[in-house]
Amino acid sequence: MAWAWIENGNIFVAYSEDVVPKGVAVIEVPDNATPSDLAIDETGQLRLKTEQEKLADLKQEKLQQLKSYVSSLLSQTDWVIIKLQSIREEKWPDTEIQVEMQKYQPILDRRKAIREWNLQMKQVIQNATTIEELEVIRIEFPFE
């Protein structure tokens, strides 16, 4: 058995009763419980999260992982977007802008594919109905 308590607004879990501070309200929790498995309710009491709460937390975590991953993929080619924007601002002739666009079309196509994949992955994550479904979702762009 493990024990959980709130101290200074933080949730702690101990696997030895000797570690639990004296004079705090303690609840018994399953041996594999972690602070992320617990919540403080509106009355300030500590309780185990429901499966729906755990699912919602994991969805947010997966969505954040996706956002960071996509950002890292796109940042590798941001220079192309900056360059194309710059030549437009410098009022290059349309024919020269088109030549530059053609030159970088494979990069622009890849960026578009990344953004489309991102939208699909967001939907897959949001549509997941179980923790098990979310755990098998891999945040990995398929065209690396």
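**A tour of the whole chain and helix H2**

Begin with the whole protein, which exposes about 9800 Å², with carbon and sulfur atoms supplying 52% of it (Shrake-Rupley method, 1.4 Å probe). This is a predicted model, in which local features need pLDDT of at least 70 and side-chain atom pairs count only at pLDDT 80 or more, whereas totals for chains, interfaces and linings use all residues. Residues are numbered from 1 along each chain as its sequence is written, and side-chain values use heavy atoms, with hydrogens and water left out.

Keep everything selected and show the C-alpha atoms, which fill a box of roughly 75 × 30 × 25 Å along the principal axes. Their radius of gyration is 24 Å, while a compact globule of 144 residues would have one near 15 Å (a rule of 2.2 Å times the number of residues to the power 0.38, over C-alpha atoms).

Colour by secondary structure next: from the N terminus on, the elements run β-β-β-β-β-α-α-α-α-α (DSSP runs, helices being H or I of at least four residues and strands E of at least two).

Now select residues 78-89, helix H2, whose 12 residues reach 17 Å from first C-alpha to last, close to the 16 Å expected at 1.5 Å a residue (1.5 Å times one less than the number of residues). Its buried residues are Val80, Leu84 and Ile87 (buried is under 20% relative accessible area, exposed over 50%, with a 1.4 Å probe and protein chains only). They lie on the same side of H2 because they cover an arc of only 65° around the axis (from directions between the helix axis and the C-beta atoms). On the other side of H2, Ile82 and Glu89 are exposed.

Add residues 94-103 and 105-127, since helices H3 and H4 are among what covers the buried residues of H2 (contact means heavy atoms within 4.5 Å). Finally, select lysine 91, just after H2, which takes a positive phi of about 60°.
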